[in-house]
Amino acid sequence: MALDTGTEALADLAEEHVDHRFKGLPPDAYGLTVAELAAQRRNLFTGGFTTPVLALSAERLAHNLALMETYSARHGLAFAPHGKTSMAPQLFHRQIEHGAWGITLAVPHQVRVARAFGIRRVFLANELVDAAALRWIAAEQDADPDFRLVCYVDSVRGAELMDAALEGAARPLDVVVELAAGEGARTGARTEAECAAVADAVTAARALRLVGVAGYEGEVPDADPERVRAYLRRLVALAAGFDEQGRFTGADEIVVSAGGSAWFDAVADVFADIPALSRPVLKLLRSGAYVSHDDGHYRELTPFNRVPEEGALEPAFRLWSQVVSRPSPEQAFTNAGKRDAAYDLHLPFAQVVRRDGGAERPATGVTVTGLSDQHAWLRTTAEADLEVGDWVGMGLSHPCTSFDKWQLIPVAEADGTVVEYIRTYF
């Protein structure tokens, strides 16, 4: 699918009508197109939005996109941010506009979304053995010479299944051997010998082309800087060994890929020492959570805590809900729950309060202690000034399970002016 077709698909998003599918949007906007609603530049707090409503900060989103573009360039890394974080084609294109090589994805559905919006380069961080999906990818490659997909392979059986499903394809599928991060880690061949056996199976396959190696350092058991760097050095040595053995003869470049959102500083350090190989090396980083960052898990784990001189990501999400019950001085309930907020890593964090459309003030003495399906449980101290009807702004942890609960997300400037809407496809 050509990029201009993807541009048309993005334009079509603006013509989608606002209706019951989209939580939190103003009821009197129903029937408007998204473009018409955006053009009204309504205020998130006084423009008729209903709670709960999730919003992205326009300024912080722009900051995070620019920061990782600069970081990748500074360290000589190509960047394929993991799109499963947002599943938002508008953000995919903004990431590419900010220098991304392509988009990383995990499963065939996500690739179909990316292709529907004209994404030309996809790194599939999974071994794909679904025959129907493989045939569809082969058809996409055959129809579009500009489309490139690189896929994990971590088993001989996987290589054989892929080859069988791709029989008759005009172009081979590019694959990288995945090296596991250790015993008990997630996917990947566990030893270098097993990786070599997988590479042999790829060489024997008619429809596959070996172009590199990859892994995920976030799965290193008992991860610390030393263990993570040791694993990454194994990955680099595997690539160098394969190259010395002449395994990349069909490749134009050698892909070496790693990098989640917790250890990309280690990836940058180790990849800087990749030796000269027989072909140019594509040092591919795949961190995805940066685009919105968060107020919990990734705020604690971000590598920028270790290298503050390189900048800092900013949490861009805020979930607004409304106090609907204040049964005692020690307790309150708002109308956002598990259907609205990520809760797999941390509960939301009460940050600010608004009353009657007034100014924000800190949510002093307010703590989220639990979530029901449609309620947040708040513990309140004597310092808490909280009434029924107040809006409570909450920070969230884990972007991947925040985006997936909202199909259309307002993007608001610091004063609350909503300037665009982000569509997701989960």
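Asp356 is exposed, with a relative accessible area of 76%, and this residue makes a convenient place to enter what is a predicted model. The backbone at Asp356 has a positive phi of about 55°, although the residue is not a glycine. Asp356 sits in the loop that runs between β12 (349–354) and β13 (361–362).

A second residue, His293, can be set beside it. His293 is likewise not a glycine and has a positive phi of about 55°, and its place is also a loop, here the one between β9 (281–285) and α11 (297–301). The surroundings of the His293 side chain are another matter: its relative accessible area is 5%, and because buried means under 20%, His293 counts as buried. One further backbone feature deserves attention, namely the cis peptide bond that joins Thr51 and Pro52, with omega at about 0°. Pro52 belongs to the loop between α2 (34–39) and β1 (53–57).

These local features belong to a protein with 12 helices and 18 strands. For its 426 residues, a compact globule would have a radius of gyration near 22 Å, and the protein, with 23 Å, agrees with that expectation. Taken along the principal axes, the C-alpha atoms fill a box of roughly 70 × 45 × 35 Å. Of the 426 residues, 56% count as buried.

From the overall form we can turn to the charged side chains. Side chains of opposite charge can pair when their charged atoms come close. The structure holds 27 salt bridges, and the loop that contains Asp356 also contains Arg355, a partner in one of these pairs. Arg355 forms a salt bridge with Asp385, and the closest N and O atoms are 3.0 Å apart. This pair links distant parts of the chain, since Asp385 is in the loop between β15 (376–380) and β16 (391–395), and the two residues are 30 residues apart. Arg355 is partly exposed at 23% relative accessibility, and Asp385 is partly exposed as well, with a relative accessible area of 39%. The pairing does not stand alone, for salt bridges that share partners join Arg355, Arg361, Asp385, Glu387 and Asp390 into one network.

Two other salt bridges can be followed in the model. Asp295 pairs with Arg299, with 3.2 Å between the closest N and O atoms; Asp295 counts as buried at 11% relative accessibility, whereas Arg299 is partly exposed, with a relative accessible area of 41%. In the other, the side chains of Asp224 and Arg227 meet at 2.8 Å, N to O. Here Asp224 counts as partly exposed at 26% relative accessibility, and Arg227 is partly exposed too, with a relative accessible area of 42%.

The last stop is a group of acidic residues on the surface. Glu8, Asp12, Glu15 and Glu36 gather there in a patch of negative charge. Among them, Asp12 lies in helix α1 (residues 3–14), and at 52% relative accessibility this residue counts as exposed, because the cut-off for that class is over 50%.

Note on methods:
Residues numbered from 1 in each chain as written. Predicted model: local features only at pLDDT ≥ 70, side-chain atom pairs only at ≥ 80, totals over all residues. Heavy atoms only, no water. Patch = residues over 30% accessible without salt bridge, like charges linked within 9 Å, V, L, I, M, F, W, Y side chains within 5 Å. Areas by Shrake-Rupley, 256 points an atom, 1.4 Å probe, with all protein chains shown as cover. Salt bridge = Lys/Arg side-chain N within 4 Å of Asp/Glu carboxyl O. Lys, Arg positive; Asp, Glu negative; His and termini not counted. Charge placed at Lys NZ, Arg CZ, Asp CG, Glu CD. Helix = DSSP H or I, 4+ residues; strand = E, 2+ residues; numbered from the N terminus. Buried < 20%, exposed > 50% of the residue type's maximum accessible area, 1.4 Å probe, protein only. Rg over C-alpha atoms; globule rule 2.2 N^0.38 Å.
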